[in-house]
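Reader: I've got a new model to go through and would like to talk it over step by step. Can we start with the terms and then move on to the sites?

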Amino acid sequence: MAQSVTSMDTRHEAHHDTFKLLGFWIFLVTDCIIFACLFAVYAVLRTHTDGDLTGHELFEVKGFTAETFILLASSFTSGLASLAMHKGNKKQLMAWLAVTVLLGMSFVGLEITEFAKMAAEGATISTNAFLSSFFTLVGTHGLHVTFGLIWMIGVMVQIGRHGIDHLTKEKVTIVGLYWHFLDVVWIFIFTVVYLLGVM
Amino acid sequence: MADKAKGFFVTGDPLIYGADVAIVITLLGILVFLTFFKKWGWLWREWLTTVDHKKIGIMYLVSSLLMLFRGGVDALLMRMQLAFPNSHFLDSQHYNEIFTTHGTIMILFMAMPFMFALFNIVVPLQLGARDVAYPFLNALSFWLFFFGAMLFNLSFVVGGSPDAGWLSYPPLSELAGSPGPGQNFYIWGIQISGIGSLATGINFLVTILKMRAPGMKLMKMPLFSWSVLASCITIIFAFPVLTVTLALLFVDRFFGAHIFTATGGGNPMMYVNLIWMWGHPEVYIVVLPAFGIYSEVVSTFSKKKIFGYKSMVFSMMIISVLSYFTWVHHFFTMGAGADVNTFFAITTMAIGIPTGVKVFNWLFTMFRGRISMTQPMLWTLAFIPCFVVGGATGVMLAVAPADYQYHNSYFLIAHFHQVLIGGVVFGYLAGLYYWWPKMFGFKLNDRLGKWAFWTWNIGFYVCFMPQYALGFMGMTRRVYTYGWDMGWAPYNLVSTGGAFLMGIGFVFQVWQILYSIKNGERDLTGDPWNGRTLEWSIPSPAPLYNFAHIPKVRSDDAWWDMKEHKHGAASEKENKEFEPIHMPKNSGIPFFMAACWFVAGFGLTFEWVWVGIAGLAGVAICLLARSFQRKTDYYIPVDEIKRTEASLGRVV
Ligand code: HEM
Ligand SMILES: [Cu+2]
């Protein structure tokens, strides 16, 4: 009896795994739509500076290039984490997740400094429509990253407790997917907001 | 202190004092009842923490009927105000608040949950499944809807109701146009329940894609489930747009941003575009499942396979795609230019084609069928002429140049009520009557049902036909009073009479339900209508695990096929061994998480930042708590299944 229940267990959990992943992909589609709308709003408003500061005057190439490299690197290390997981190496998995979290934190740190600096120059969310849309778009991405960090730390705690099993595996896969997604969104922000902005 | 309370509670209107008293008495009554009969534990275990899709469906149903009442009272108040010229029953401000809450509640807190009630109750049973894909998320969706609706309704007595229309166009809905918390109530009430709706869309999409019984290919799936699939796809693409739109409006109001303001470079027109990119698909989201219901009802009560199954499926898919390309027809007059208007006029009219295909298919299904005039069938029959007229006036509105004449007039009001009531509400009522025995195990009384049917229907035409005329006579929507010299008085008086007839229809329905709870005919077969789809193959109400054995499907109309060819659950021979059944455990987290959202929304509504942050922190804690749970499921042992099946009169 116990035997048959465990075999059923794994069968059941196997199909629930694919469920979760499919659901998460659909969730990512909805998140994509959210960002698409924010990009559209930004595209409409980017020239609406109401006679005030423009992106050209505000964006600093050094800052946003650093942010881009850091986030790309963190996406890479989260990939290494999932490789380590598939090898069953818990220590390596934890280490790469920790590096990813650190890189993510420095990304958020840099972004906050950037925002603070802009605010000090008098460029806040309420200055003009261009800045309103800028801060909402980039800020929404930043909030996503922050959320991802808390989530990833939560997953690390669970790995620490239970090791690598099918539940934690699934969680690492999903949070990894989320992290790569944020990277892709950032590439768009980098191009549409910053590169077009300083040109 | 007294001053503060005065700003907080809505004061000065006897209607609202009456409501205050009624609310307090009802709440006290519930508290006393639960305590006196020691029902707290039962309420918590059986309902508040349940993850059973059937119970969640019933909770959606109860809430949506309550909201139908609230929205209906709003409607009657408006019609009373408009019955006579120069009337001062309501003042202009109060009228603004009422049409805003009426529209919002009817669409978001009545139609949507009614639809989700039917999704929950029917879809897993039609698919031959034991649950939805994500039962925990399903409970969370319900509680998000519930607390969102509560927050919105609270504005009635605390802080003040929103008054900028059900779609809240800026700049009117911006801080300068609507100071005070009313508009924030609107934003957070909808935002919170909207997140729940989005999750439901994902949940049912995955359920339908992944949990069909073996053998049920997509093209063998019952049409109601197909309509849910179409509706869910539309939800998944539409609701994120709503989320963004409301969030941006909040950013404007809360942080003083300039996205939609008239100053600082903001662009109010962008809001109008965004909100209708959600809003137009939204009307198809609510009507598609109604189409699914009509298909089931027509085929069951004509004792025939549905005519043109494939074309039914394709037309729903085409409608859900086209619904994204029509949004500009809501503002032809706002100066987008002739080319743009022409494009959207044509796409709008194009939707008439697949819809027409469906109407003909229903008619052909009935043609030469053995029709039985049950209550679900009555509402379906009433739907057809109503929707045909509504569709025709819709095409009239879609003629862009002509729309300059009747844009935002009572012609429009009559049109959209015709499709929303005739299409959506009639459809959901047909579904309610059709699946009621499955939900509760008894039928609803026929005689009272007929009274309800006729008062609703006659009331409908008496109420809304005069409004087409009023539209042509120049009466615009949202006017709160008018003079004798306009010549509108007789039409308005008749219209109000019709509205009250519909109100009487609703009273009949409540009476019908209460009466039938006591005296209703019990359904012992599980298949009172001689149905065709799998939900009728199991007892009513369905046991916790729905199907003791997962059915094997060989053709469409799976249950009909089983009955005809005596296989599956319809065969005596089928006596397979039971296996333990895997089920999700109940959880209190969805309730608490949604309650935390309520706290957050309430705090942000009043700009009490710390309350808002505390609420959001609560949400985060609930999320983490859930993530750390490992044993979220259990097995129902074979003995218990045997006992349950035997008690339901099944051979074991
Ligand atoms: C049961 C009978 C109903 C009556 C008598 C009724 C009556 C009214 C009236 C008098 C208005 C305001 C017109 C104006 O002054 O502009 C209105 C608006 C509206 N109604 Fe209804 N209604 C009914 C049912 C419904 C239902 C079932 C729905 C949706 C499912 C609905 C959705 C709306 C919407 C969206 C508005 C527009 C609100 C706005 O202008 O912002 N109504 N209705
Ligand atoms: Cu539309």
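Author: Sure, one term to begin with: a polar contact is a pair of N or O atoms within 3.5 Å. Keep in mind that this is a predicted model.

Reader: Which backbone makes such a contact with an oxygen atom of ligand 1, and at what distance?
Author: The partner on the protein side is a backbone N or O atom of W166(B). With the cut-off at 3.5 Å, the pair counts as a polar contact, and its distance is 2.9 Å.

Reader: Which side chain has an N or O atom 3.1 Å from an oxygen atom of ligand 1?
Author: A polar contact has to be within 3.5 Å, and 3.1 Å fits that limit. The side chain in question belongs to Y410(B).

Reader: Okay, the surroundings of ligand 1 next. Which helix of chain B gives the largest share of the shell?
Author: The shell holds 23 residues, with Y95(B), H102(B), W166(B), H417(B) and R478(B) the closest. Helices 4, 5, 15 and 17 of chain B each supply at least two residues. The largest share is 7 residues, and it comes from helix 15.

Reader: And by class, how many residues of that shell are nonpolar?
Author: Take the other classes to begin with: 4 residues are polar and 3 are charged. The nonpolar residues number 16.

Reader: What geometry does the site of the iron atom of ligand 1 have?
Author: The protein donors are the NE2 atoms of H102(B) and H417(B), lying 2.0 Å from the iron. The site has 6 donor atoms, with angles of 88 to 180° among them. Ideal angles for six octahedral donors are 90 or 180 degrees. The iron site is classed as octahedral.

Reader: How many residues apart are the two histidines, H102(B) and H417(B)?
Author: H102(B) sits in helix 5 and H417(B) in helix 15, so the pair links distant parts of chain B. Both histidines are buried. Their separation in sequence is 315 residues.

Reader: On to the copper ion (ligand 2). Which residues coordinate it?
Author: The donors follow the spacing H-x48-H-H along the chain. They lie at 1.5 to 1.9 Å, through one ND1 and two NE2 atoms. In chain order, the residues are H280(B), H329(B) and H330(B).

Reader: Why does the pair H280(B) and H329(B) tie together separate parts of chain B, and how far apart are those in sequence?
Author: H280(B) is in helix 9, while H329(B) is in the loop between helix 10 and helix 11, so the pair bridges parts that are apart in sequence. H280(B) is buried at 5% relative accessible area, and H329(B) is buried at 14%. The separation of the pair is 49 residues.

Reader: Now the backbone oddities. Which residue joins P170(B) through a cis peptide bond?
Author: Omega of that bond is about 5°. The partner's place is in the loop between helix 6 and helix 7 of chain B. The residue is P171(B).

Reader: Is S168(B), in the loop between helix 6 and helix 7, buried or exposed?
Author: S168(B) lies in that loop of chain B, and its phi is near 50°, a positive value in a residue other than glycine. Its relative accessibility is 1%, and the limit for a buried residue is under 20%. S168(B) therefore counts as buried.

Notes. Residues are numbered from 1 along each chain as its sequence is written. Chains are lettered from A and ligands numbered from 1 in the order in which they are written. This is a predicted model: local features need pLDDT of at least 70, side-chain atom pairs count only at pLDDT 80 or more; totals for chains, interfaces and linings use all residues. Side-chain values use heavy atoms; hydrogens and water are left out. A residue is near a molecule or strand if one of its heavy atoms lies within 4 Å of it. A polar contact is a pair of N or O atoms within 3.5 Å; within protein, one must be able to donate a hydrogen and the other to accept it, and residues adjacent in sequence count only if both atoms are side-chain atoms. Helices (H or I, at least four residues) and strands (E, at least two) are DSSP runs, numbered from the N terminus. Ala, Val, Leu, Ile, Met, Phe, Trp, Tyr, Cys and Pro count as nonpolar, Asp, Glu, Lys and Arg as charged, and the others, Gly among them, as polar. Donors are N, O and S atoms within 2.8 Å of the metal (3.2 Å for Na, K and Ca); water is not among the atoms, so sites may look incomplete. Buried means under 20% relative accessible area, exposed over 50%, partly exposed in between (1.4 Å probe, protein chains only). Four donors count as tetrahedral if all angles lie between 85 and 135 degrees; four count as square planar and six as octahedral if opposite donors are over 155 degrees apart and all others between 65 and 115; anything else is irregular.
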